[in-house]
Amino acid sequence: MAYNLLKGKRGIIFGALDEKSMAWQIALKCHEEGATFTLSNAPIALRMGKINELASACGNATVIGADATSLTDLENVFSQSMEVLGGKIDFVLHSIGMSPNVRKKVPYDETNYDNFLKTIDISALSFHKVMQTAMKLDALNEWASVVGLSYIAAQRAFPGYNDMSDAKALLESIARTFGYQYGFKKKVRVNTISQSPTLTTAGSGVEGFNAFFHYAEKMSPLGNANAEECANYCLSLFSDLTRKVTMQNLFHDGGFSFTGVSESVIRDFDVQ
Ligand SMILES: NC(=O)c1ccc[n+]([C@@H]2O[C@H](COP(=O)([O-])OP(=O)(O)OC[C@H]3O[C@@H](n4cnc5c(N)ncnc54)[C@H](O)[C@@H]3O)[C@@H](O)[C@H]2O)c1
C-alpha cells in the first residue's frame with residue numbers, strides 16, 4: 001500500500017546488488033512512495049549484479065558506478081545525482097558492507113590486517129565519506145535523512161561475524177558523531193537501522209548464518225524482520241514523519257535485542 005510518503009523527494013541509494021539485497025527492496029518501496037532517486041554500486045557489482053533491472057522497475061533511475069571508498073567517485077555520485085534529479089538530495093541510503101576476512105574465512109584471532117582495514121574502509125568509513133562529500137558539496141536539503149544498515153554484532157559477540165562486528169560498531173558511532181555535526185550545521189538526520197539476520201548475498205556469506213537466522217527467529221517475539229519490512233521502516237525514516245529522530249541506532253529485529261531467552265529456546269535446551 002502506498003501513502004505518497006516520499007512524493008517530491010530526491011534520493012541516492014547505495015548497495016543494491018540483486019533482488020535479495022536490502023537496498024533493492026528499499027528502492028522499490030521508495031519508488032512506490034513517489035520518490036525519484038539514483039542507484040549506485042561498485043563498478044564490479046554493476047557488471048555482476050542486476051541493477052539495470054531494478055533501475056527500469058524504478059522509473060528508469062540513473063545508475064552511477066562508484067567505489068564507496070573513493071572520494072572522487074562519491075563526489076561524482078552526488079554531482080551527477082543533483083544534475084539528473086534536478087536539485088539537492090533529501091535522503092541517502094548506505095547499504096554497503098564487505099569483509100575480505102569473512103569472504104576468505106580468516107579467523108578473527110588470526111586476522112589479516114590488510115583485509116581488516118579494507119573491511120573498515122568499505123563497511124564503515126565509507127559512511128563517513130558519503131556524508132563528508134555531501135557536506136562539502138552542500139548536496140543535502142535541510143531535514144534530509146541519511147540511513148545506514150547495521151547489525152547487533154556491534155553490541156554483542158557473534159563469532160562468525162568476524163571483523164564486521166567492529167565495522168558495525170564504528171558505523172553506529174559515525175552515525176552519532178556525524179549526526180551531531182550535520183544536525184547543527186544543516187538539520188540533517190543520521191541514523192542506523194540494526195536489522196535482523198536477512199538472507200542476502202552479504203548475509204549468507206557469514207559463517208553459521210543459517211543457524212543464527214533460525215535462532216534469532218525463535219528468540220524474537222515478533223519473528224525476524226525481512227528485507228521488505230526493513231524497507232518499510234526505512235521509508236518512515238526518509239519521510240517527514242520522523243524529522244526529530246537522529247544519531248540513533250534503531251533496532252528493527254522483532255524484539256530480539258531485548259529478549260533474554262524465549263520459551264521456545266528454553267524448551268530446546270530443557271535436557272534432564
Ligand atoms: N543480510 C543481513 O543479515 C544483514 C543484517 C543487518 C545488516 N545488514 C547490512 O545491510 C547492508 C546491505 O547488505 P545486504 O545484506 O543487502 O547484502 P548485499 O550483498 O546485497 O549488499 C551489500 C552491498 O555492498 C556493496 N559493496 C561492497 N563493496 C563496495 C564498495 N567498495 N563500494 C560500493 N559498494 C560496495 C555490494 O556491491 C552490495 O551491493 C550491509 O551494510 C549489511 O552489513 C545485513
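Strands β4 and β5 run parallel and are joined by 5 bridges, where strands (E, at least two residues) and helices (H or I, at least four residues) are DSSP runs numbered from the N terminus. The model described here is a predicted one, in which local features need pLDDT of at least 70 and side-chain atom pairs count only at pLDDT 80 or more, whereas totals for chains, interfaces and linings use all residues. Residues are numbered from 1 along each chain as its sequence is written.

Within the β4-β5 pair, H94 has G148 of β5 as its bridge partner. On the other side of the comparison, β5 and β6 pair in the parallel sense over 6 bridges, two strands being taken as paired if DSSP finds at least two bridges between them. In this pairing L149 stands opposite I193 of β6, and S150 stands opposite S194 of β6. Strands β6 and β7 likewise pair in the parallel sense, over 5 bridges, and Q195 stands opposite H252 in β7.

These pairings belong to an open sheet of 7 strands, with parallel pairing and the order β3-β2-β1-β4-β5-β6-β7. The edge strands are β3 (63-65) and β7 (248-252), each of which pairs on one side only. Neighbouring strands of this sheet are turned by 20° against each other on average, direction ignored, with axes being lines fitted to C-alpha atoms, for helices over the stretch in contact, and angles running from 0 to 180 degrees between N-to-C directions.

Burial was assessed for individual strands of the sheet. Strand β5 is mostly covered, with 8 of its 11 residues buried; a residue is called buried if 20 or more other C-beta atoms lie within 10 Å of its own, exposed if 12 or fewer, and partly exposed in between, with C-beta atoms placed from the backbone. For β6, 7 of its 7 residues are buried. In a regular strand the side chains alternate between the two faces of the sheet. In β6, R189, N191, I193 and Q195 point one way and V190, T192 and S194 the other way, and all are buried.

Two helices were examined for their packing on these strands. Helix α4 lies across β1 (10-14), β2 (36-41), β3 and β4, and runs at about 155° to β2. Helix α6 also packs on the sheet, touching β4, β5 and β6, and its direction makes about 165° with that of β4; contact between two residues requires that their C-beta atoms, placed from the backbone, lie within 7 Å.

Helix α6 (residues 113-136) bends by about 50° at L125, the bend at a residue being the angle between axes fitted to the seven residues ending there and the seven starting there. Its buried residues are T119, S123, A124, S126, F127, K129, V130, M131, T133 and A134. The elements covering these buried residues include α4 (71-85), β4 (89-94), α5 (100-103), β5 (140-150), α7 (164-186) and β6 (189-195). Just after α6, D138 takes a positive phi of about 45°.

Helix α1 is largely enclosed by the rest of the structure, because 8 of its 11 residues are buried. The buried positions of α1 are M22, A23, W24, Q25, I26, A27, K29 and C30, and the helix is followed by G34, whose phi is positive, near 95°.

Positive phi values also occur at N4 and W143, neither of which is a glycine. For N4, in the segment before β1, phi is near 60°, and this residue is exposed, with 11 other C-beta atoms within 10 Å. W143 lies in strand β5, has a phi of about 65° and is partly exposed, with 14 other C-beta atoms within 10 Å.

The surroundings of the ligand comprise 26 residues, of which S21, G97, T200, A202 and G203 come nearest; a residue is near a molecule or strand if its C-beta atom, placed from the backbone, lies within 6 Å of it. The elements that give two or more residues to this shell are α1 (22-32), β5 and α8 (201-204), and α8 gives the most, with 3 residues. By class, the shell has 13 nonpolar, 12 polar and 1 charged residues, where Ala, Val, Leu, Ile, Met, Phe, Trp, Tyr, Cys and Pro count as nonpolar, Asp, Glu, Lys and Arg as charged, and the others, Gly among them, as polar.
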